[in-house]
Every structure is written in C-alpha cells, then in structure tokens.
Amino acid sequence: SCLLLDGVAACAGAIGIEFNDSLYVALCPVVEKLGSSREIVRETAYRALSAISVQCGHSSVRDLISQNVPYMIDGAFAGLRHLTRNSVAPRILRVLFQYCDFSVISLLDDTMDEIFSALENQFGSRMGLLLPVLSSLVEALRRWFPNDVKEEQKKEIYRQSLCDF
C-alpha cells in the first residue's frame, strides 16, 4: 500500500497541475488509506495527499478533500450499496467527516439514508463497518457545532449551509 501511495504522489509530481484531470480516479483510494488502522499507511497517505495538494494548486490536504467532496460522497454512496463487496466506503466517509467542515451536511441526506438502510438490512454482518461512520459523524457534529454556540446560532449556521448549496 505504501509503495502505491508513494507512486501516486510521484505521478502527481511528474504531471503537475494536470494531475487535476486524474483526481477523480486517484483521490478516493488515497483518501481511503488515510482512514487505515495502520499508522504507517495513514502517514504515507497523508504525505501523498500533501504532494497531490501542492501539485494540484490546493493550499492543504483539507482544502483538496473539501474541494472534491461531492464526487467522493457519490463514490462512497455507490460503495454503500455494495457493502458486502466494497468495504472502503465507510473509511472514505470517516475521513471526509474528519477533514471537512459543516458545509458537507447538505450533501449527506442520501448517504445517511443508505447507511441506515444498510444497518437495517445487514444487521450484524456489516455493523462493525457502519457504526464507526456514525461515531465519526457525531464527533464531526460536535466539532462543527460546539456546545458554547447557542441553539439559534446552530440553526442559523445549518440554514446558511443549506442555502450555500
């Protein structure tokens, strides 16, 4: 995995700004590795994403991920429909929750419905993959809407995020 991640970073370095044309293919697998349980894989994925960010003109890994959220959520959504054959979608969602801001909420309706449907239909068999996604979402919501923000402010922030899309 680490060699492949380094290879993707090297390709981004060689191609430069034109690597943007390859992001649709390359980004999800690298982001998925950022959610790995193995530290060396996570670190290598982060370095690869840093290199890709620089080569593609993004200010940071967070910016790279945030700017490409819509198609990554679409990919994760499709993966959730085939969870028995594709277990990477939950990791991609966990990483997105970690690196994105609250504006991602407006893109999550169908994805969250699919997660709850999968939990309902595959009770037990894939619960270990899906519950960490919900836990990551709760952590992200706490980060996006801290307790010191008044309830009315939270509603206004949420309304504004929906209006932006």
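**Exercise 1. The setting of Thr111**

Task: In this predicted model, determine where Thr111 is placed, whether Thr111 is buried or exposed, and which residues Thr111 contacts beyond its sequence neighbours.

Solution. Step 1: Thr111 belongs to helix H7. Step 2: the relative accessible area of Thr111 is 2%. Buried means under 20%, so Thr111 is buried. Step 3: once neighbours within four places in sequence are left aside, Thr111 is in contact with Ile73, Phe77, Leu80 and Leu93.

**Exercise 2. The overall architecture**

Task: State how many helices and strands the chain has, in what order its elements run, and what percentage of its residues count as buried.

Solution. Step 1: the secondary structure comes to 9 helices and 0 strands. Step 2: read from the N terminus, the order of elements is α-α-α-α-α-α-α-α-α. Step 3: the chain has 165 residues, of which 41% count as buried. Step 4: among contacts with a separation of 6 or more, 68% join residues 24 or more positions apart.

**Exercise 3. The nonpolar core**

Task: Identify the residues with the most contacts inside the largest nonpolar core, and the helices that each supply at least two residues of this core.

Solution. Step 1: the largest nonpolar core has 50 residues, and Ile65, Leu96 and Ile115 have the most contacts inside it. Step 2: at least two residues of this core come from each of helix H1 (2-15), helix H2 (23-34), helix H3 (39-55), helix H4 (61-67), helix H5 (69-81), helix H6 (89-99), helix H7 (109-121) and helix H8 (127-144). Step 3: residues up to four places away in sequence are not counted for Ile65, which touches Val31, Leu34, Met72, Val95, Leu96, Tyr99 and Cys100.

**Exercise 4. The enclosure of H6**

Task: Explain why H6 is described as largely enclosed by the rest of the structure, and name elements that cover its buried residues.

Solution. Step 1: the buried residues of H6 are Ala89, Pro90, Ile92, Leu93, Val95, Leu96, Phe97 and Tyr99. Step 2: because 8 of the 11 residues of H6 are buried, this helix is largely enclosed by the rest of the structure. Step 3: the cover over the buried residues of H6 includes H2, H3, H4, H5, H7 and H8.

**Exercise 5. The two sides of H8**

Task: Determine what span H8 reaches from its first C-alpha to its last, which residues of H8 are buried, and which are exposed on the other side.

Solution. Step 1: H8 has 18 residues and spans 25 Å from its first C-alpha to its last, close to the 26 Å expected at 1.5 Å a residue. Step 2: Leu130, Val133, Leu134, Ser136, Leu137, Ala140 and Trp144 are buried in H8. Step 3: these residues lie on the same side of H8, because they cover an arc of only 160° around the axis. Step 4: Gly128 and Arg142 are exposed on the other side of H8. Step 5: the packing partners of the buried residues of H8 are H5, H6 and H7.

**Exercise 6. The aromatic pairs**

Task: Count the aromatic pairs, and describe the geometry of Tyr24 with Tyr71 and of Phe102 with Phe145.

Solution. Step 1: the structure holds 2 aromatic pairs. Step 2: Tyr24 and Tyr71 form a tilted pair, at 4.8 Å centre to centre and 40° between the planes. Step 3: since Tyr24 lies in helix H2 and Tyr71 in helix H5, this pair ties together parts 47 residues apart in sequence. Step 4: Tyr24 counts as exposed at 59% relative accessibility, whereas Tyr71 counts as buried at 16%. Step 5: Phe102 and Phe145 also form a tilted pair, with 6.0 Å centre to centre and 50° between the planes. Step 6: this pair links distant parts of the chain, 43 residues apart, with Phe102 in the loop between H6 and H7 and Phe145 in the loop between H8 and helix H9 (151-164). Step 7: Phe102 is partly exposed at a relative accessible area of 27%, while Phe145 is buried at 14%. Step 8: Phe102 and Leu141 are 39 residues apart in sequence, and their C-alpha atoms are 7.6 Å apart in space.

**Exercise 7. The cysteines**

Task: State how many disulfides the structure holds, and classify Cys11 and Cys28 by accessibility.

Solution. Step 1: the structure holds 0 disulfides. Step 2: Cys11 has 41% relative accessibility and counts as partly exposed. Step 3: Cys28 has 14% relative accessibility and counts as buried.

Note on methods. Residues are numbered from 1 along each chain as its sequence is written. This is a predicted model: local features need pLDDT of at least 70, side-chain atom pairs count only at pLDDT 80 or more; totals for chains, interfaces and linings use all residues. Side-chain values use heavy atoms; hydrogens and water are left out. A disulfide is a pair of cysteine sulfur atoms within 2.5 Å. Buried means under 20% relative accessible area, exposed over 50%, partly exposed in between (1.4 Å probe, protein chains only). A nonpolar core is a set of buried Ala, Val, Leu, Ile, Met, Phe, Trp, Tyr and Cys residues joined through side-chain atoms within 4.5 Å. Helices (H or I, at least four residues) and strands (E, at least two) are DSSP runs, numbered from the N terminus. Contact means heavy atoms within 4.5 Å. The expected span of a helix is 1.5 Å times one less than its number of residues. The arc is that of the directions from the helix axis to the C-beta atoms. Rings of Phe, Tyr and Trp (its six-membered ring) pair if their centres lie within 6.5 Å; planes under 30 degrees apart count as stacked, over 60 as edge-to-face and the rest as tilted.
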